[in-house]
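I sat down with this one to look up what packs against what, and how the strands are arranged. Here are my notes, in the order I made them.

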Amino acid sequence: MGGRPSPPGRTRSRVALLAAVALAAAGGMLWELGSCSVTGHRARAARERRAVVPPLPAPSNLLLLTVDTLRADHVSSYGYPRRTTPVLDRLAAEGVRFDQTAVQWPKTTPSFASMFTATYSKDNDIVRRVGIPVSCRFEMLAKVLERRGYATRAVVSNGALGSEFNFDQGFDTYVETWKLAAHGGADPNKAEAVTRLAVGLLDGLAEVQRARRPWFLWVHYIDPHFPYAPPGKWRDMFQGDRYFDRSQKVTVSDRPQQQMAGIGREQVLDGHDDLAFYVARYDAAVAYADAEIGVLLEEMRRRGLLGHTLTAFTSDHGESLGEHAYYFDHGRFGFQTCLRVPLILHYPGVLGPRVDRQPVELLDLAPTLLEAAGVPLPGGAWKQGRSLTPRLRGLAAAAGVPAAAAAGVAAAAPGVPAAAAAPAAGDGGAVPGSAAAAEGPPGGGAPAGGVPGLAFSEAGWETNNKWQKAVRDGRFKLLLAQTYHEQRWIAGEGVRFALFDLAADPLETHDVADRYPAELARLKRALWVWDHAPKLDVETEPAAAGCAPGQQKPIDPQTRALLHSLGYL
């Protein structure tokens with residue numbers, strides 16, 4: 001079952017999903033032609049915000065649900081043809097679904113570090129890999145909420161989020177599933193165990209609520225992470241269905257482990273080399289996690305814990321399922337398969353059903369939750385994020401992006417025939433031109449609250465700031481690859497900048513830089529300004545007793561074992 005790697009730079013369209021890429025026009029020309037500045041957009045956004053944005057009720061209870069390794073285009077409400085997520089689909093139908101959400105780094109530790117501090121990886125220095133301790137001097141979301149009088153609880157199932165790495169900061173209860181004894185022989189990290197442990201915290205939260213004290217609960221599921229092993233009835237639920245195509249094969253090498261151009265012999269599941277098998281198993285793991293989230297929500301509903309609660313659902317990153325010859329992993333490339341994640345916010349009686357199709361950064365989530373907690377945020381900004389409250393209310397222009405029509409784009413993907421792809425519900429119409437404000441000249445710096453209409457991300461394995469950097473607007477995405485080792489898999493050796501038209505090519509198979517030189521120049525400039533902005537000081541907390549920034553805590557043997565099983569060590 002061996003074979004030669006696919007030629008670098010070539011991407012076979014192995015497609016299994018319907019990537020619903022929605023776009024919007026936010027008029028703008030090149031800065032050389034005197035287009036509007038970021039300052040103008042920010043001023044207009046501030047005016048509209050002051051004028052018409054009703055605040056969220058505060059202090060609200062906050063529920064954060066996260067599923068590891070969940071790419072947006074495998075969620076049913078994002079247009080995926082398989083019914084993988086009926087529970088999340090109901091949340092989306094009743095709340096606000098952000099269609100184009102970008103993580104700041106597609107790896108668990110860097111992604112959550114950005115999410116909980118509202119800072120970019122380039123500024124907080126949590127980059128490249130898991131197992132990096134976040135500084136005890138970082139001002140993190142739970143810390144702020146705890147100081148506001150919130151009861152703070154968490155149940156997490158990924159060792160990369162262990163207390164050894166300081167992700168427990170600000171939580172008065174922090175349950176690490178892998179450090180607990182198995183219940184009845186069951187895997188303590190599976191979704192059923194995570195839900196059971198979370199349900200065990202609910203009576204305490206009900207008491208907190210009766211005492212008129214707000215609470216914050218974070219529950220993290222890990223099931224879609226390789227090796228895609230959902231239990232029992234879930235395991236084979238999509239095998240052989242109408243979207244199953246056995247024709248595409250995965251090259252298996254003699255190496256124990258491999259990610260590019262195939263997989264290693266130790267990664268083979270149940271003797272299969274058909275790509276569709278792995279995609280179906282991944283989808284089954286997603287469906288299993290979704291069902292257990294449904295159990296948790298029902299238990300919370302039964303206890304009256306959701307009536308005054310803002311629920312946020314998202315993921316730390318996606319997963320590459322053979323696209324770009326990259327198999328069953330994440331973090332190595334800044335492609336949409338790993339950067340684009342679901343983001344759904346739900347608040348009964350407060351937020352109406354809505355789909356926001358403009359780009360959004362995941363670091364905007366923490367400011368949004370803080371506003372719902374009643375934390376004053378001047379201009380709606382906290383650190384490098386900005387509250388999504390205006391967009392939750394349907395005021396896209398208040399976020400700095402003019403409202404515009406959007407369209408869905410059908411895309412085939414690994415293991416699913418192209419014929420199965422169909423536009424997501426509610427999509428239609430033609431795709432307008434690119435969107436984003438032009439940037440000022442170099443040296444002007446980027447606004448602290450991010451750049452309206454643009455989303456920035458980083459990725460890769462390279463060191464010394466030589467990793468990949470990406471910026472996207474409503475239609476186009478620019479990906480910078482600085483080394484030969486990364487260029488050869490993206491747009492070819494020697495090609496530093498690759499431009500992708502996400503409207504026509506959501507899986508980023510064709511570099512269109514030659515066809516759109518103006519868009520290339522505009523996004524290159526935006527990326528340069530963002531990357532060269534003065535570095536934000538993220539270590540703003542006074543050093544508490546026992547705080548030793550940069551010092552690695554001893555790693556618990558159980559944490560080390562879990563990280564090894566996930567391929568991190």
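Entry 1. I started with the contacts of W215, keeping in mind that this is a predicted model. Leaving out residues up to four places away in sequence, I found W215 touching N61, L62, L63, Y150 and A151. The list for W215 also includes L205, V208, Q209, M300, L305 and T309.

Entry 2. Next I looked up the largest nonpolar core, which has 61 residues. W215 is among the residues that touch the most other members, along with L217, I293, L296, M300 and F328. I then checked which elements supply at least two residues each: the strands are β1 (61-67), β3 (151-156), β5 (215-221) and β8 (327-329), and the helices are α2 (86-94), α6 (191-199), α7 (202-210) and α8 (275-302). The largest share of this core comes from α8, with 16 residues. I also noted another core apart from it, of 53 residues, including L62, F112, L351 and L362.

Entry 3. On to a sheet. Which order do its 4 strands take? I read β13-β14-β15-β16, an open sheet with antiparallel pairing. At the edges sit β13 (455-459) and β16 (497-501), each paired on one side only. Neighbouring strands here are turned by 20° against each other on average, ignoring direction.

Entry 4. I zoomed in on β15 (residues 476-480), which pairs with β16 over 5 bridges in the antiparallel sense. Opposite K477 I found F500 of β16.

Entry 5. Last, I looked for what lies across this sheet. Helix α13 (residues 517-531) lies across β13, β14 (468-472), β15 and β16, and α13 runs at about 55° to β15.

How values were computed:
Residues numbered from 1 in each chain as written. Predicted model: local features only at pLDDT ≥ 70, side-chain atom pairs only at ≥ 80, totals over all residues. Heavy atoms only, no water. Core = buried A, V, L, I, M, F, W, Y, C linked by side-chain atoms within 4.5 Å. Buried < 20%, exposed > 50% of the residue type's maximum accessible area, 1.4 Å probe, protein only. Contact = heavy atoms within 4.5 Å. Pairing = 2+ DSSP bridges. Axes fitted to C-alpha atoms, helices over the stretch in contact; angles between N-to-C directions.
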